[in-house]
Amino acid sequence: MPEAIVALGEGKRVVGRLRFETDGRRQHSQFEYAAEWLAAPDRFALSPGLPLREGGHFSAGRGDRRSALPGCFSDAAPDSWGRALMTKALGGGLSEFDYLVLSDDRTRQGALRFLGDDMEPLSDLTPPIPRLVELDRLRALAHRFERDPGGAEEEARDLAGVAGSLGGARPKANVEGDGHLWIAKFTSAQDTKPVELVEVATLKLAAKCGLRVAEAKLEMRDSDSPIALIRRFDRRGNTRIPFISARTALDWDSDEGGFYTDIADVIRQISSKPVDDLHELWRRIVFTILVSNKDDHLKNHGFIYAGGDRWRLSPAFDINPSPSRHRVLETGIMQGGSFDASLDIALEACEFFDLTPTDARQQAFQMAQSIASNWKQALRDEGASPGDLETFADAFEHTETLRALQLKA
(Lines give C-alpha, C1' and ligand atoms only; values in the text may rest on other atoms or scores of the structure.)
Protein backbone atom coordinates (compact mmCIF):
# COMPACT_ATOMS: atom_id res chain seq x y z
CA MET A 1 0.00 0.00 0.00
CA PRO A 2 1.77 3.22 -1.12
CA GLU A 3 1.80 6.04 1.39
CA ALA A 4 3.25 9.48 1.94
CA ILE A 5 3.98 11.77 4.85
CA VAL A 6 1.93 14.94 4.32
CA ALA A 7 3.85 18.05 5.34
CA LEU A 8 3.49 21.82 5.03
CA GLY A 9 5.84 24.43 3.64
CA GLU A 10 9.60 24.73 3.36
CA GLY A 11 10.02 23.56 6.95
CA LYS A 12 8.35 20.24 6.08
CA ARG A 13 6.10 20.41 9.11
CA VAL A 14 4.36 17.04 9.44
CA VAL A 15 0.56 17.23 9.27
CA GLY A 16 -0.37 13.60 8.77
CA ARG A 17 -0.06 10.52 6.60
CA LEU A 18 -1.82 9.59 3.36
CA ARG A 19 -2.30 5.92 2.47
CA PHE A 20 -3.53 4.74 -0.91
CA GLU A 21 -4.86 1.47 -2.28
CA THR A 22 -5.91 0.33 -5.74
CA ASP A 23 -6.78 -2.95 -7.40
CA GLY A 24 -6.52 -1.41 -10.87
CA ARG A 25 -10.23 -0.60 -11.13
CA ARG A 26 -11.15 0.87 -7.74
CA GLN A 27 -8.99 3.35 -5.88
CA HIS A 28 -9.33 4.70 -2.38
CA SER A 29 -7.29 6.57 0.20
CA GLN A 30 -7.10 7.21 3.92
CA PHE A 31 -5.67 10.36 5.48
CA GLU A 32 -4.95 10.66 9.19
CA TYR A 33 -3.77 13.77 11.01
CA ALA A 34 -0.59 13.36 13.05
CA ALA A 35 -1.04 13.52 16.84
CA GLU A 36 1.52 16.35 17.08
CA TRP A 37 -0.44 18.38 14.51
CA LEU A 38 -3.73 17.89 16.38
CA ALA A 39 -2.01 19.03 19.59
CA ALA A 40 -0.35 22.11 18.05
CA PRO A 41 -1.78 25.52 19.02
CA ASP A 42 -1.58 26.73 15.40
CA ARG A 43 -3.16 23.65 13.85
CA PHE A 44 -5.86 24.04 11.21
CA ALA A 45 -8.00 21.74 9.09
CA LEU A 46 -6.56 21.26 5.59
CA SER A 47 -10.11 21.74 4.28
CA PRO A 48 -13.67 21.77 5.67
CA GLY A 49 -14.03 18.17 4.46
CA LEU A 50 -11.07 17.07 6.62
CA PRO A 51 -12.04 18.29 10.10
CA LEU A 52 -9.44 18.07 12.86
CA ARG A 53 -9.97 14.77 14.66
CA GLU A 54 -8.23 11.52 15.42
CA GLY A 55 -8.71 8.56 13.11
CA GLY A 56 -8.84 8.14 9.35
CA HIS A 57 -10.63 10.21 6.74
CA PHE A 58 -11.60 7.90 3.85
CA SER A 59 -12.10 8.81 0.18
CA ALA A 60 -13.15 6.42 -2.57
CA GLY A 61 -13.00 6.81 -6.33
CA ARG A 62 -16.48 6.61 -7.81
CA GLY A 63 -17.40 7.85 -11.29
CA ASP A 64 -14.48 10.27 -11.22
CA ARG A 65 -11.34 8.45 -10.09
CA ARG A 66 -9.99 11.74 -8.73
CA SER A 67 -12.43 11.46 -5.83
CA ALA A 68 -10.14 8.68 -4.59
CA LEU A 69 -8.25 11.54 -2.91
CA PRO A 70 -9.61 14.23 -0.56
CA GLY A 71 -10.22 17.49 -2.42
CA CYS A 72 -7.28 19.38 -0.93
CA PHE A 73 -4.94 16.69 -2.27
CA SER A 74 -6.64 16.67 -5.68
CA ASP A 75 -6.06 20.45 -5.78
CA ALA A 76 -2.33 19.73 -5.36
CA ALA A 77 -2.29 17.19 -8.22
CA PRO A 78 -1.94 17.95 -11.95
CA ASP A 79 -4.94 18.36 -14.23
CA SER A 80 -5.44 17.39 -17.90
CA TRP A 81 -2.32 19.04 -19.38
CA GLY A 82 0.00 17.90 -16.60
CA ARG A 83 -1.45 14.38 -16.60
CA ALA A 84 -0.94 14.00 -20.33
CA LEU A 85 2.71 15.01 -19.91
CA MET A 86 3.26 12.71 -16.92
CA THR A 87 1.64 9.76 -18.68
CA LYS A 88 4.00 10.23 -21.62
CA ALA A 89 7.06 10.83 -19.42
CA LEU A 90 6.47 8.10 -16.83
CA GLY A 91 4.33 5.58 -18.73
CA GLY A 92 0.68 4.59 -18.52
CA GLY A 93 -1.11 2.99 -15.60
CA LEU A 94 -0.45 5.84 -13.17
CA SER A 95 -2.78 5.91 -10.16
CA GLU A 96 -4.22 9.04 -8.59
CA PHE A 97 -1.54 8.69 -5.91
CA ASP A 98 1.19 8.58 -8.59
CA TYR A 99 -0.08 11.72 -10.30
CA LEU A 100 -0.13 13.46 -6.92
CA VAL A 101 3.21 12.54 -5.39
CA LEU A 102 5.37 12.23 -8.54
CA SER A 103 4.62 15.73 -9.89
CA ASP A 104 7.17 18.43 -9.12
CA ASP A 105 7.31 19.29 -5.42
CA ARG A 106 8.87 22.73 -5.86
CA THR A 107 6.09 24.18 -7.99
CA ARG A 108 3.15 22.28 -6.48
CA GLN A 109 0.04 24.40 -5.97
CA GLY A 110 -0.43 25.49 -2.36
CA ALA A 111 1.76 24.46 0.58
CA LEU A 112 1.21 20.70 0.81
CA ARG A 113 4.20 18.42 0.30
CA PHE A 114 4.30 14.63 -0.03
CA LEU A 115 7.38 13.02 1.47
CA GLY A 116 8.91 9.59 2.00
CA ASP A 117 10.07 8.31 5.38
CA ASP A 118 13.42 10.02 4.72
CA MET A 119 11.46 13.34 4.70
CA GLU A 120 12.45 13.94 1.08
CA PRO A 121 9.85 14.63 -1.66
CA LEU A 122 8.57 11.59 -3.55
CA SER A 123 8.50 13.71 -6.71
CA ASP A 124 10.06 12.04 -9.76
CA LEU A 125 10.15 15.04 -12.11
CA THR A 126 12.57 17.75 -11.02
CA PRO A 127 14.30 19.54 -13.91
CA PRO A 128 15.53 23.03 -13.01
CA ILE A 129 12.69 25.57 -12.89
CA PRO A 130 13.08 27.59 -16.11
CA ARG A 131 13.63 31.32 -16.09
CA LEU A 132 11.72 33.88 -18.12
CA VAL A 133 14.49 33.96 -20.72
CA GLU A 134 13.62 30.33 -21.58
CA LEU A 135 10.01 31.05 -22.50
CA ASP A 136 10.64 30.65 -26.22
CA ARG A 137 12.17 27.19 -25.69
CA LEU A 138 9.25 26.13 -23.47
CA ARG A 139 6.74 27.39 -26.01
CA ALA A 140 8.43 25.34 -28.73
CA LEU A 141 8.38 22.22 -26.51
CA ALA A 142 4.68 22.69 -25.78
CA HIS A 143 3.86 23.10 -29.47
CA ARG A 144 5.85 19.98 -30.37
CA PHE A 145 4.05 17.96 -27.70
CA GLU A 146 0.63 19.24 -28.83
CA ARG A 147 1.38 18.37 -32.47
CA ASP A 148 2.84 14.91 -31.78
CA PRO A 149 2.22 13.67 -28.21
CA GLY A 150 3.08 10.14 -29.26
CA GLY A 151 6.59 11.02 -30.40
CA ALA A 152 7.53 13.78 -28.00
CA GLU A 153 8.87 11.75 -25.07
CA GLU A 154 11.83 14.02 -24.29
CA GLU A 155 9.66 17.15 -24.53
CA ALA A 156 7.06 15.54 -22.26
CA ARG A 157 9.61 14.79 -19.55
CA ASP A 158 10.99 18.34 -19.68
CA LEU A 159 7.53 19.90 -19.56
CA ALA A 160 6.03 17.49 -17.02
CA GLY A 161 8.44 18.71 -14.37
CA VAL A 162 7.78 22.39 -14.93
CA ALA A 163 4.01 21.95 -15.40
CA GLY A 164 3.81 20.64 -11.83
CA SER A 165 0.27 20.56 -10.45
CA LEU A 166 -1.15 23.33 -12.64
CA GLY A 167 -4.80 22.86 -13.51
CA GLY A 168 -6.63 22.97 -16.81
CA ALA A 169 -6.19 21.43 -20.22
CA ARG A 170 -4.24 24.20 -21.95
CA PRO A 171 -0.42 24.13 -22.34
CA LYS A 172 1.42 25.84 -19.46
CA ALA A 173 4.51 25.74 -17.29
CA ASN A 174 5.98 27.29 -14.14
CA VAL A 175 8.80 29.81 -14.60
CA GLU A 176 10.87 32.03 -12.31
CA GLY A 177 11.42 35.72 -12.87
CA ASP A 178 11.75 38.97 -10.94
CA GLY A 179 12.07 36.93 -7.75
CA HIS A 180 8.63 35.34 -8.20
CA LEU A 181 7.08 32.14 -9.50
CA TRP A 182 4.83 32.65 -12.52
CA ILE A 183 2.47 30.48 -14.56
CA ALA A 184 3.32 30.73 -18.25
CA LYS A 185 0.27 30.03 -20.41
CA PHE A 186 1.05 29.21 -24.02
CA THR A 187 -1.05 29.74 -27.11
CA SER A 188 -2.49 26.35 -28.07
CA ALA A 189 -2.04 24.85 -31.52
CA GLN A 190 -5.87 24.62 -31.68
CA ASP A 191 -6.47 28.31 -30.94
CA THR A 192 -8.34 30.39 -33.50
CA LYS A 193 -8.55 33.45 -31.21
CA PRO A 194 -5.87 35.32 -29.17
CA VAL A 195 -6.83 33.62 -25.88
CA GLU A 196 -3.72 34.58 -23.86
CA LEU A 197 -3.83 38.23 -24.94
CA VAL A 198 -7.48 38.56 -23.97
CA GLU A 199 -7.03 36.83 -20.61
CA VAL A 200 -4.28 39.25 -19.58
CA ALA A 201 -6.31 42.25 -20.78
CA THR A 202 -9.40 41.02 -18.92
CA LEU A 203 -7.54 40.49 -15.64
CA LYS A 204 -6.26 44.07 -15.91
CA LEU A 205 -9.80 45.22 -16.70
CA ALA A 206 -11.02 43.40 -13.57
CA ALA A 207 -8.41 45.21 -11.47
CA LYS A 208 -9.64 48.51 -12.95
CA CYS A 209 -13.13 47.53 -11.76
CA GLY A 210 -11.76 47.16 -8.23
CA LEU A 211 -11.56 43.36 -8.08
CA ARG A 212 -8.67 41.55 -6.39
CA VAL A 213 -6.91 39.69 -9.20
CA ALA A 214 -3.71 37.79 -9.88
CA GLU A 215 -0.98 39.97 -11.43
CA ALA A 216 -0.77 39.31 -15.18
CA LYS A 217 1.40 40.40 -18.09
CA LEU A 218 1.91 39.38 -21.71
CA GLU A 219 5.29 38.26 -23.03
CA MET A 220 6.32 37.93 -26.70
CA ARG A 221 3.28 40.03 -27.54
CA ASP A 222 4.54 40.80 -31.06
CA SER A 223 4.81 37.12 -31.98
CA ASP A 224 2.01 34.96 -33.38
CA SER A 225 2.00 32.97 -30.11
CA PRO A 226 2.18 35.38 -27.16
CA ILE A 227 2.53 33.98 -23.63
CA ALA A 228 0.43 35.04 -20.65
CA LEU A 229 2.32 35.25 -17.36
CA ILE A 230 0.22 35.00 -14.20
CA ARG A 231 2.01 35.56 -10.90
CA ARG A 232 1.53 32.76 -8.38
CA PHE A 233 -0.35 34.11 -5.35
CA ASP A 234 0.30 30.96 -3.29
CA ARG A 235 3.94 32.03 -2.87
CA ARG A 236 5.44 34.91 -0.92
CA GLY A 237 9.15 34.71 -1.65
CA ASN A 238 10.08 31.17 -0.55
CA THR A 239 7.00 30.83 1.67
CA ARG A 240 4.29 28.47 0.42
CA ILE A 241 0.72 29.56 1.16
CA PRO A 242 -1.96 26.86 1.66
CA PHE A 243 -4.61 26.95 -1.06
CA ILE A 244 -7.88 25.11 -1.62
CA SER A 245 -10.29 25.41 -4.53
CA ALA A 246 -13.91 26.36 -3.99
CA ARG A 247 -14.77 22.81 -5.06
CA THR A 248 -12.74 21.53 -2.11
CA ALA A 249 -14.09 24.18 0.27
CA LEU A 250 -17.61 22.99 -0.60
CA ASP A 251 -16.54 19.33 -0.35
CA TRP A 252 -18.19 19.03 -3.78
CA ASP A 253 -18.04 15.62 -5.45
CA SER A 254 -20.77 16.02 -8.06
CA ASP A 255 -20.22 16.39 -11.80
CA GLU A 256 -22.92 19.08 -11.73
CA GLY A 257 -21.93 22.73 -11.38
CA GLY A 258 -22.19 24.34 -7.95
CA PHE A 259 -23.70 27.68 -6.94
CA TYR A 260 -22.23 30.98 -5.83
CA THR A 261 -24.62 31.10 -2.87
CA ASP A 262 -22.99 27.84 -1.66
CA ILE A 263 -19.58 29.53 -1.86
CA ALA A 264 -21.10 32.44 0.10
CA ASP A 265 -22.16 30.00 2.84
CA VAL A 266 -18.61 28.64 3.04
CA ILE A 267 -17.21 32.19 3.22
CA ARG A 268 -19.39 32.83 6.28
CA GLN A 269 -17.95 29.71 7.92
CA ILE A 270 -14.23 29.97 7.12
CA SER A 271 -13.29 33.52 6.05
CA SER A 272 -11.29 35.86 8.28
CA LYS A 273 -13.10 38.79 6.59
CA PRO A 274 -16.46 37.36 5.51
CA VAL A 275 -18.19 40.61 4.56
CA ASP A 276 -15.29 41.73 2.35
CA ASP A 277 -15.16 38.31 0.68
CA LEU A 278 -18.93 38.16 0.17
CA HIS A 279 -18.94 41.57 -1.53
CA GLU A 280 -15.92 40.59 -3.64
CA LEU A 281 -17.53 37.33 -4.75
CA TRP A 282 -20.75 39.09 -5.79
CA ARG A 283 -18.78 41.62 -7.82
CA ARG A 284 -16.95 38.74 -9.54
CA ILE A 285 -20.32 37.22 -10.51
CA VAL A 286 -21.33 40.50 -12.16
CA PHE A 287 -17.93 40.87 -13.84
CA THR A 288 -18.19 37.29 -15.15
CA ILE A 289 -21.60 38.11 -16.65
CA LEU A 290 -20.46 41.41 -18.17
CA VAL A 291 -17.31 39.98 -19.85
CA SER A 292 -18.92 36.65 -20.84
CA ASN A 293 -16.44 34.57 -18.82
CA LYS A 294 -17.10 30.93 -19.68
CA ASP A 295 -14.53 29.50 -17.26
CA ASP A 296 -16.06 30.17 -13.84
CA HIS A 297 -16.26 26.55 -12.60
CA LEU A 298 -15.61 25.66 -8.96
CA LYS A 299 -11.90 24.93 -9.42
CA ASN A 300 -11.41 28.45 -10.80
CA HIS A 301 -12.38 30.01 -7.48
CA GLY A 302 -10.27 29.42 -4.41
CA PHE A 303 -9.17 30.30 -0.90
CA ILE A 304 -5.74 31.02 0.55
CA TYR A 305 -4.92 30.43 4.20
CA ALA A 306 -5.01 33.55 6.37
CA GLY A 307 -3.88 32.07 9.72
CA GLY A 308 -5.87 31.31 12.83
CA ASP A 309 -7.82 28.51 11.10
CA ARG A 310 -9.32 31.14 8.76
CA TRP A 311 -9.17 31.55 4.98
CA ARG A 312 -9.60 34.38 2.45
CA LEU A 313 -11.06 34.35 -1.03
CA SER A 314 -8.01 34.12 -3.29
CA PRO A 315 -7.29 36.68 -6.01
CA ALA A 316 -9.37 36.06 -9.14
CA PHE A 317 -7.76 34.03 -11.93
CA ASP A 318 -8.66 32.16 -15.13
CA ILE A 319 -11.16 34.72 -16.46
CA ASN A 320 -11.67 33.97 -20.15
CA PRO A 321 -14.22 35.95 -22.19
CA SER A 322 -15.96 33.96 -24.88
CA PRO A 323 -18.34 35.53 -27.42
CA SER A 324 -21.37 33.25 -27.52
CA ARG A 325 -25.09 33.39 -28.14
CA HIS A 326 -25.64 30.92 -25.30
CA ARG A 327 -24.97 33.00 -22.20
CA VAL A 328 -24.60 30.48 -19.39
CA LEU A 329 -22.40 30.17 -16.32
CA GLU A 330 -20.39 27.15 -15.16
CA THR A 331 -21.37 28.02 -11.57
CA GLY A 332 -25.02 28.99 -11.01
CA ILE A 333 -25.82 32.11 -9.00
CA MET A 334 -28.48 30.82 -6.59
CA GLN A 335 -29.00 27.32 -5.24
CA GLY A 336 -31.76 25.66 -7.23
CA GLY A 337 -31.81 28.39 -9.88
CA SER A 338 -30.79 28.42 -13.53
CA PHE A 339 -27.26 28.76 -14.84
CA ASP A 340 -28.17 31.74 -17.04
CA ALA A 341 -25.62 34.57 -17.13
CA SER A 342 -28.31 36.96 -15.95
CA LEU A 343 -27.73 40.31 -14.27
CA ASP A 344 -31.29 40.22 -12.94
CA ILE A 345 -30.57 36.96 -11.08
CA ALA A 346 -27.34 38.45 -9.69
CA LEU A 347 -29.24 41.50 -8.45
CA GLU A 348 -31.97 39.31 -6.97
CA ALA A 349 -29.31 37.33 -5.09
CA CYS A 350 -27.39 40.34 -3.74
CA GLU A 351 -28.66 40.02 -0.17
CA PHE A 352 -27.14 36.52 0.05
CA PHE A 353 -23.83 38.38 -0.28
CA ASP A 354 -24.64 41.01 2.37
CA LEU A 355 -25.31 43.74 -0.20
CA THR A 356 -28.37 45.96 -0.27
CA PRO A 357 -30.25 46.20 -3.59
CA THR A 358 -29.24 49.87 -3.85
CA ASP A 359 -25.52 49.11 -3.37
CA ALA A 360 -25.75 46.18 -5.79
CA ARG A 361 -27.32 48.26 -8.55
CA GLN A 362 -24.75 51.02 -8.08
CA GLN A 363 -21.80 48.61 -8.17
CA ALA A 364 -23.13 46.77 -11.23
CA PHE A 365 -23.60 50.09 -13.04
CA GLN A 366 -20.08 51.27 -12.14
CA MET A 367 -18.51 48.01 -13.36
CA ALA A 368 -20.49 48.07 -16.59
CA GLN A 369 -19.47 51.68 -17.18
CA SER A 370 -15.80 50.89 -16.56
CA ILE A 371 -15.88 47.84 -18.86
CA ALA A 372 -17.75 49.68 -21.65
CA SER A 373 -15.27 52.57 -21.49
CA ASN A 374 -12.10 50.50 -21.26
CA TRP A 375 -12.37 47.05 -22.81
CA LYS A 376 -11.23 48.02 -26.31
CA GLN A 377 -8.23 49.96 -25.04
CA ALA A 378 -7.36 47.16 -22.60
CA LEU A 379 -7.15 44.71 -25.51
CA ARG A 380 -5.28 47.19 -27.70
CA ASP A 381 -2.74 47.74 -24.92
CA GLU A 382 -1.87 44.04 -25.17
CA GLY A 383 -1.52 44.17 -28.96
CA ALA A 384 -5.03 43.28 -30.16
CA SER A 385 -5.77 44.00 -33.82
CA PRO A 386 -9.00 45.61 -35.13
CA GLY A 387 -10.04 42.10 -36.15
CA ASP A 388 -9.50 40.83 -32.61
CA LEU A 389 -11.72 43.62 -31.26
CA GLU A 390 -14.43 42.66 -33.71
CA THR A 391 -14.12 38.98 -32.74
CA PHE A 392 -14.54 39.70 -29.04
CA ALA A 393 -17.05 42.55 -29.22
CA ASP A 394 -20.00 40.26 -28.43
CA ALA A 395 -18.27 39.16 -25.21
CA PHE A 396 -18.22 42.73 -23.88
CA GLU A 397 -21.20 44.37 -25.63
CA HIS A 398 -24.48 42.52 -25.14
CA THR A 399 -27.92 42.78 -23.55
CA GLU A 400 -26.65 42.31 -19.98
CA THR A 401 -24.20 45.20 -20.45
CA LEU A 402 -27.05 47.44 -21.64
CA ARG A 403 -29.17 46.30 -18.69
CA ALA A 404 -26.38 47.24 -16.25
CA LEU A 405 -25.80 50.62 -17.88
CA GLN A 406 -29.49 51.43 -17.38
CA LEU A 407 -29.30 50.86 -13.63
CA LYS A 408 -28.35 54.46 -12.88
CA ALA A 409 -31.68 55.71 -14.12
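Contact here means heavy atoms within 4.5 Å. Keep that in mind for the helix exercise; the model is a predicted one.

**Exercise 1. Helix α9 and its surroundings**

Task: work out whether helix α9 is mostly covered or mostly uncovered, and which elements its buried residues pack against.

Solution.
- Step 1. Find the helix: α9 covers residues 260-270.
- Step 2. Apply the cut-off: a residue is buried when its relative accessible area is under 20%. In α9, that picks out Y260, T261, D262, I263, A264, V266, I267 and I270.
- Step 3. Put that against the length of the helix: 8 of the 11 residues are buried, and α9 is mostly covered.
- Step 4. Look at what does the packing. The buried residues of α9 have α8 (246-249) and α10 (274-290) as helical partners, and β13 (302-307) and β14 (310-313) as strand partners.

**Exercise 2. The five-stranded sheet**

Task: give the order of the 5 strands in the open sheet that holds β1, and say which strands are at its edges.

Solution.
- Step 1. Read across the sheet: the order is β4-β3-β2-β1-β5, with antiparallel pairing.
- Step 2. Take the two ends. β4 (56-60) and β5 (112-115) are the edge strands, and each of them pairs on one side only.
- Step 3. Check the twist: neighbouring strands are turned by 25° against each other on average, direction ignored.
- Step 4. Now walk through the pairings. Strand β1 (residues 3-8) is joined to β5 by 4 bridges, and V6 has F114 as its bridge partner in β5.
- Step 5. Strand β2 (residues 13-22) is tied to β3 by 7 bridges, again antiparallel. Within this pair, T22 is matched with Q27 of β3.
- Step 6. Finish at the other edge: 5 bridges link β3 to β4, also antiparallel, and S29 stands opposite S59 in β4.

**Exercise 3. Two faces of one strand**

Task: sort the residues of strand β3 into a covered and an uncovered face.

Solution.
- Step 1. The strand takes in residues 27-33.
- Step 2. Q27, S29, F31 and Y33 make up the covered face.
- Step 3. H28, Q30 and E32 are left for the uncovered face.
- Step 4. Link this back to the pairing: Q27, the partner of T22, and S29, the residue opposite S59, both belong to the covered face.

**Exercise 4. The four-stranded sheet**

Task: find which strands stand at the edges of the sheet built from β6, β7, β8 and β9, and say what that leaves on one side of each.

Solution.
- Step 1. Watch the order: this open sheet runs β6-β7-β9-β8, with antiparallel pairing.
- Step 2. β6 (172-177) and β8 (216-219) each have a single partner strand, so one side of each lacks a neighbour in the sheet.
- Step 3. As for twist, neighbouring strands here are turned by 30° against each other on average, with direction ignored.
- Step 4. In the middle, 4 bridges connect β7 (residues 180-185) with β9 (residues 227-231). A184 finds its bridge partner in L229 of β9.

**Exercise 5. Two methionines with positive phi**

Task: locate M119 and M220, then decide how exposed each one is.

Solution.
- Step 1. M119 sits in the loop between β5 and α5 (135-147), and its phi is near 65°, positive although the residue is not glycine.
- Step 2. With a relative accessible area of 25%, M119 is partly exposed.
- Step 3. M220 lies in the loop between β8 and β9. Its phi is near 55°, another positive value in a residue other than glycine.
- Step 4. M220 has a relative accessible area of 29%, so it counts as partly exposed.

**Exercise 6. A glutamate in a helix**

Task: say whether E96 is buried or exposed, and which side chain it contacts.

Solution.
- Step 1. E96 belongs to helix α4 (residues 96-102).
- Step 2. Its relative accessible area is 3%, so E96 is buried.
- Step 3. The E96 side chain has a polar contact of 2.7 Å with that of R83.

**Exercise 7. The whole chain**

Task: decide whether the radius of gyration agrees with a compact globule.

Solution.
- Step 1. For 409 residues, a compact globule would come out near 22 Å; the protein has 21 Å, so the two agree.
- Step 2. Add the dimensions: the C-alpha trace spans about 65 × 45 × 40 Å along its principal axes.
- Step 3. Add burial: 55% of the 409 residues count as buried.

How values were computed: Residues numbered from 1 in each chain as written. Predicted model: local features only at pLDDT ≥ 70, side-chain atom pairs only at ≥ 80, totals over all residues. Heavy atoms only, no water. Pairing = 2+ DSSP bridges. Axes fitted to C-alpha atoms, helices over the stretch in contact; angles between N-to-C directions. Rg over C-alpha atoms; globule rule 2.2 N^0.38 Å. Buried < 20%, exposed > 50% of the residue type's maximum accessible area, 1.4 Å probe, protein only. Polar contact = N/O pair within 3.5 Å; in protein donor to acceptor, adjacent residues only side chain to side chain.
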